[in-house]
Amino acid sequence: MGYPGRNDPCTCGCKQKYKHCCGRLSQNRSERKQWADSSGTLREKNLALLSAAVDIFDLNRPWDTIKRRMCGAQVREFYEFVARLWPPSTDLLALLPEPGSNLRALYLGEYAPELIVRNVCRFGLYADEIILINPFENPNRIAEQHNPLVHPDEWIEDTLRMLFQLLAMTPWVDKGFVTFVPNPCDFDRSLFVETLRSAEQRLKANPITRKDVDESIFRQHVFQKFLSCPPDYIERTYREMDPSATDEQVSELIKYVEAERLSNPFLTGETMDKMPAQYMASRTGANLETGLYLCQATGAFPYTNVRYRWNEILGARDRFDSTSETWTPLTKAFQALDFKFLDHVSPKFAYTMREEERLGGFRAYLRKVWNTVEGSPEPSQAERLARDFKDELTQSYQQAKKEWADIDLDLLKWFGGGSVVAGAAAAAETAFSDGKLSLELPAAGFVLNSVVQLIQAQIKRRNFRKTVPMSAFIDLEKQSQVP
């Protein structure tokens, strides 16, 4: 049997021409393998992942075209690359960045792409580097019945969602402002077992509540799946709920659902009856144990916008430390202030602001605080430093407010296409969110005994920090009037 012609239907059954699907995928396959095999550092692996995604899914096209043409052959090709890029033998500890003076933050929260992008935009101006857990599953550790290499058609929508995040983060990764790190448990079975056991014990005392679930994005994702229901199911369900519904009302609902489905960036546009069942993963990046392990390995501090995760982090403070209140004057000073965060903005705009070193003065202040507390100063010295940093905060905060005014003007020009025009102000008004940037600085740091034991077993291979001395919480619910 000969090879199909360029304009023949693709042999994978995706309803596309061969030249647009498997024919194109085969062209650079050997080159992509070389990208994976020659990537010897974490940064090189990050850049290789970006290049492979662009090459396989042709990410230079409009997003509507990307999602409409995504098929199982592309998904399989991509996850073959991921498996080759991150083999089971990977020595992740040797690849992780060493602790240093950089203000490096690890995001612990919901890893839905729309939330990840917003949280990088929110905190990107307040940190030198943000570490994100790699969102793509590693096929090397997935059972065959669920593996994207074996059932790629069932991973199309999940892959689409993760690609959306990857595409938005591309310039951030290129510049080194964002670094994707695989979950270390992917390569260390004993680490996976021990962190899971510790998390299970911890969750028995502080279980996830119904309120925690309701506040998550999971409910929204379930609603999005409703948009993929076929018209006859929507009609039948609507009439069961409202027997008096008219044909016109049913028709309007079906039209509305179809329009929402086609415009949703995370849905292919097909209804459920015309595609295989799809995996719907709910990701949280890393549990607290793995998060603290990574923070101590890389010299990072955790930050989150999820109250449940924040309470978990606070639970890792040493409650028996007699010097735990040393930094209270500084933490209370932070809690009394309102901060601005880029929220409903294009990640390109947020990246531009970061590239132009906006809020560089306030980052320098936070970096100074971080490097000081990371040095574990003596209690008597720490008390004096806390007072000095509190006084310095006032000046740094006022300077940051002036910079935010300039950012506000730049945002007006961004919406106005380079100049301030009518309507731009209304659009820019929703682009910012005010809230709290709460810092916690327990004198003994954040630490879990289970993590300490895991680190002790590998201390000869890595310069781990003894504790995690700082954490941050973005709270957009609480605001106060700042004169």
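## H221 and its neighbours

Set aside the residues within four places of it in sequence, and H221 is in contact with A112, E114, R161 and M280. This is a predicted model, so keep that in mind as you look around. H221 belongs to helix α11, which covers residues 218-226. With a relative accessible area of 9%, H221 falls under the 20% cut-off, so it counts as buried.

Some of those contact partners turn up again in the cavities described next. R161 and M280 both help line the largest cavity, as does H221. A112, R161 and H221 are all among the residues lining the second largest one.

## Two cavities that share H221

Rolling a probe the size of a water molecule over the atoms shows where empty space is left. In this model there are four cavities of 30 Å³ or more. The largest cavity holds about 130 Å³ of space. Its lining is made up of E157, D158, R161, H221, Q224, K225, F266, L267, Q278, Y279, M280 and A281. Sorted by class, that lining has five nonpolar, three polar and four charged residues. Helices α8 (156-175) and α11 each put at least two residues into it.

Next comes the second largest cavity, at about 100 Å³. Around it you'll find E110, Y111, A112, P113, R161, M162, I217, F218, H221, A281, S282 and R283. Here the lining splits into seven nonpolar, two polar and three charged residues. Once again α8 and α11 each supply at least two lining residues. If you want to compare the two linings on screen, R161, H221 and A281 are good places to start: they are listed for the largest cavity and for the second largest cavity.

## The nonpolar cores

Which residues touch the most other members of the largest nonpolar core? They are F123, Y126 and L342, in a core that counts 128 residues. Helix α19 (residues 379-415) gives the most to this core, with ten residues. There is also a second, separate core of five residues, and L227, C229, I234 and V257 are in it.

L342 is worth a click. Leaving out neighbours within four places in sequence, L342 is in contact with R118, C121, R122, L125, F349, A350, M353, W404, I407, A431 and F432. One of those partners, W404, has a number that falls within the 379-415 range of α19.

## Strands β1 and β2

Strand β1 takes in residues 104-107, and strand β2 takes in residues 129-133; the two run parallel and are joined by three bridges. R104 sits opposite E129 of β2. In β1, R104 and L106 point one way while A105 and Y107 point the other way, and all of them are buried.

How many of the five residues of β2 are buried? The count is five of the five, so β2 is largely enclosed by the rest of the structure. Both of its faces are covered: E129, I131 and I133 lie on one side, I130 and L132 on the other, and all are buried.

## Two positive phi angles

A couple of loop residues have positive phi values without being glycine. D58 is one, with phi near 50°, and L359 is another, at about 60°. D58 is placed in the loop between α3 (42-57) and α4 (63-69). L359 is placed in the loop between α17 (347-355) and α18 (360-374).

Buried or partly exposed: what is the setting of D58? It is partly exposed, because its relative accessible area is 24% and the buried class stops under 20%. L359 is buried, at 0% relative accessibility.

## Along the chain and across space

Two helix residues show how sequence separation and distance in space can be read together. L196, in helix α9 (residues 189-205), is 94 residues from T290 along the chain, and their C-alpha atoms are separated by 9.0 Å. L196 has a relative accessible area of 36%, so it counts as partly exposed.

N449 is found in helix α21 (residues 449-456). For N449 and P265, the chain separation is 184 residues and the C-alpha atoms are 43 Å apart. N449 is exposed, since its relative accessible area of 62% is over the 50% cut-off.

How values were computed: Residues are numbered from 1 along each chain as its sequence is written. This is a predicted model: local features need pLDDT of at least 70, side-chain atom pairs count only at pLDDT 80 or more; totals for chains, interfaces and linings use all residues. Side-chain values use heavy atoms; hydrogens and water are left out. Helices (H or I, at least four residues) and strands (E, at least two) are DSSP runs, numbered from the N terminus. Buried means under 20% relative accessible area, exposed over 50%, partly exposed in between (1.4 Å probe, protein chains only). Contact means heavy atoms within 4.5 Å. On a 1 Å grid over the protein atoms alone, a cavity is a set of points where a 1.4 Å probe fits but cannot get out, and a pocket is an open set with protein on both sides within 12 Å along at least five of seven lines; lining residues have an atom within 4 Å of a point. Grid points are joined across faces, edges and corners, and a volume is the space filled by probe spheres set on the points. Ala, Val, Leu, Ile, Met, Phe, Trp, Tyr, Cys and Pro count as nonpolar, Asp, Glu, Lys and Arg as charged, and the others, Gly among them, as polar. A nonpolar core is a set of buried Ala, Val, Leu, Ile, Met, Phe, Trp, Tyr and Cys residues joined through side-chain atoms within 4.5 Å. Two strands pair if DSSP finds at least two bridges between them.
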